[in-house]
Amino acid sequence: MVETIDLKQQVIKWRRHLHMYPELSHQEHETARYIYNQLVTFPHLEVKRLTETSVCAFLKGTKTENKGHTILLRADIDALPIEEETDLLFKSTNPGVMHACGHDAHPAMLLGAAKALAERGTDFCGEIRFVFQHAEEVTPGGAAQLVALGIVENVDYAFALHVSPDYEVGQFAMKDGKFTAAADDFEIKIYGRGGHASTPEVAIDPLLIGSEIVVALQTIVSRKVPSTHAPVLTVAKFHCGTALNIIADTAELGGTIRSLDSTIRVDARKHLEKIATSIASMHGAKVEIKWELGCPSVTNDKELTALSRRIAGEIVGDTGVKELPGPMFGTEDFADFSEVVPSSMQFIGVHNEEFGEAYPLHHPRFKIDEEALIYGVRYFENIARTLCP
């Protein structure tokens with residue numbers, strides 16, 4: 001019990017340090033250095049820096065009774081460009097940067113699991129890889145980079161947790177199959193012909209054309225794809241003009257398509273391009289379309305999700321393990337791991353009703369109850385003990 005209390009306090013200490021010193025994607029130099037400096041104090045670990053802003057540690061068993069499994073446990077470590085508005089004593093000291101998505105809690109939990117597992121020694125079968133991944137919040141993300149560098153070579157299974165303010169401390173929320181959506185962001189630039197607002201007949205109005213495109217794009221979801229596989233399409237940006245009596249030469253639209261089905265993902269992009277090009281052409285205008293193709297969907301392996309449920313139930317009780325009602329249309333680049341090895345990414349509840357309102361991820365007032373952290377530590381630890389006995 002004393003050991004558990006000591007580890008719990010240590011994990012909270014790690015999390016608070018990381019929360020105070022957040023760093024943006026691909027800039028996690030001090031974060032990675034701090035994590036590295038903790039890991040090298042744990043016995044039996046081989047610690048490597050595959051990139052400048054990530055850290056990987058390897059714990060290899062010496063038992064040869066059976067082959068065992070090689071498992072990968074992942075935590076992301078980058079922060080967001082958000083000005084923190086919490087009242088925490090350990091709030092961000094980096095202006096305009098905040099851990100508002102739990103990427104301070106994730107590495108703290110994984111550090112706790114690494115410490116606990118390393119201290120049990122090497123008398124087990126298999127190998128455990130602890131991956132502290134950079135740049136989850138941007139495209140291209142850090143997961144794809146680490147996969148390309150070979151971190152999943154010979155890995156049998158991969159696991160991750162993500163904090164959720166939608167569930168209370170002492171709860172996990174799980175789902176097999178599609179867990180998140182793929183995300184493809186688009187920019188559409190419309191080239192018309194400017195003119196005076198009093199003579200629109202001699203202009204080619206890009207604002208009018210853009211308005212028609214925005215409305216017509218909604219038919220992709222409602223008329224172009226099966227309702228059972230419908231994506232989410234949102235136009236989130238529309239810029240045109242600077243004066244009240246001038247028709248501008250150009251307009252710019254931007255947004256995102258979130259999809260669960262790989263075929264629909266491609267089809268939706270084709271529909272968007274056809275709609276935008278056709279409407280512009282009808283008015284004598286031209287369009288330029290740019291895509292930023294994001295990561296695919298996280299897909300949770302059915303058998304590994306069953307294992308995740310069992311392990312979580314042993315920690316918090318079966319009533320504490322909830323079933324997600326469906327996939328979320330947010331994105332997660334853990335998908336790049338789940339594309340190549342059987343994987344399980346699940347939610348761990350971090351809300352406390354005493355906090356009042358549960359501010360969502362990416363909110364400047366997002367907070368977690370640190371009592372949840374030890375549950376995440378035990379989850380990773382018990383997954384590893386089960387698969388690498």
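Helices (H or I, at least four residues) and strands (E, at least two) are DSSP runs, numbered from the N terminus. With that in hand, let us look at Pro-140, which sits in the loop between β4 (126-133) and α4 (142-148). A cis peptide bond joins Thr-139 to Pro-140, with omega at about -5 degrees.

Before going on, a word about the model and its numbering. This is a predicted model, in which local features need pLDDT of at least 70 and side-chain atom pairs count only at pLDDT 80 or more, while totals for chains, interfaces and linings use all residues. Residues are numbered from 1 along each chain as its sequence is written, and side-chain values use heavy atoms, with hydrogens and water left out.

**The whole chain**

The protein chain holds nine helices and 16 strands. Its C-alpha atoms fill a box of roughly 80 × 45 × 40 Å along the principal axes. Of the 389 residues, 51% are buried; buried means under 20% relative accessible area, exposed means over 50%, and partly exposed lies in between (1.4 Å probe, protein chains only). Contact means heavy atoms within 4.5 Å. Among contacts in the chain with a separation of 6 or more, 80% are between residues 24 or more positions apart.

The domain assignment gives domain 1 (4-180 + 297-387) and domain 2 (182-294); such bounds come from an automatic or database domain assignment. The centres of domain 1 and domain 2, taken over C-alpha atoms, are separated by 38 Å. Where the domains meet, eight residues of domain 1 are in contact with 10 residues of domain 2.

**The nonpolar cores**

A nonpolar core is a set of buried Ala, Val, Leu, Ile, Met, Phe, Trp, Tyr and Cys residues joined through side-chain atoms within 4.5 Å. The largest one has 63 residues, and Leu-39, Leu-45, Ile-128, Phe-130, Phe-132 and Tyr-379 have the most contacts inside it. Helix α3 (residues 105-119) gives the most to this core, with 10 residues. Another core lies apart from it and has 22 residues, including Cys-56, Leu-324, Phe-334 and Val-341.

**The largest pocket**

A pocket is found on a 1 Å grid over the protein atoms alone, as an open set of points where a 1.4 Å probe fits, with protein on both sides within 12 Å along at least five of seven lines; lining residues have an atom within 4 Å of a point. The largest pocket contains about 760 Å³ of space, where a volume is the space filled by probe spheres set on the points, and grid points are joined across faces, edges and corners.

Which residues lie nearest the centre of this pocket? They are Arg-258, Gly-330, Thr-331, Glu-332 and His-362, out of 34 lining residues. Strand β5 provides the largest share of the lining, six residues. Domain 1 and domain 2 each give at least three residues to the lining. By type, the lining has 14 nonpolar, 11 polar and nine charged residues. Here Ala, Val, Leu, Ile, Met, Phe, Trp, Tyr, Cys and Pro count as nonpolar, Asp, Glu, Lys and Arg as charged, and the others, Gly among them, as polar.

**Two histidines with positive phi**

His-362 from the pocket centre and His-26 can be set side by side.

| Residue | Phi | Loop | Relative accessible area |
|---|---|---|---|
| His-26 | near 70 degrees | between α1 (2-20) and α2 (29-39) | 39%, partly exposed |
| His-362 | about 75 degrees | between β16 (343-351) and α9 (373-387) | 39%, partly exposed |
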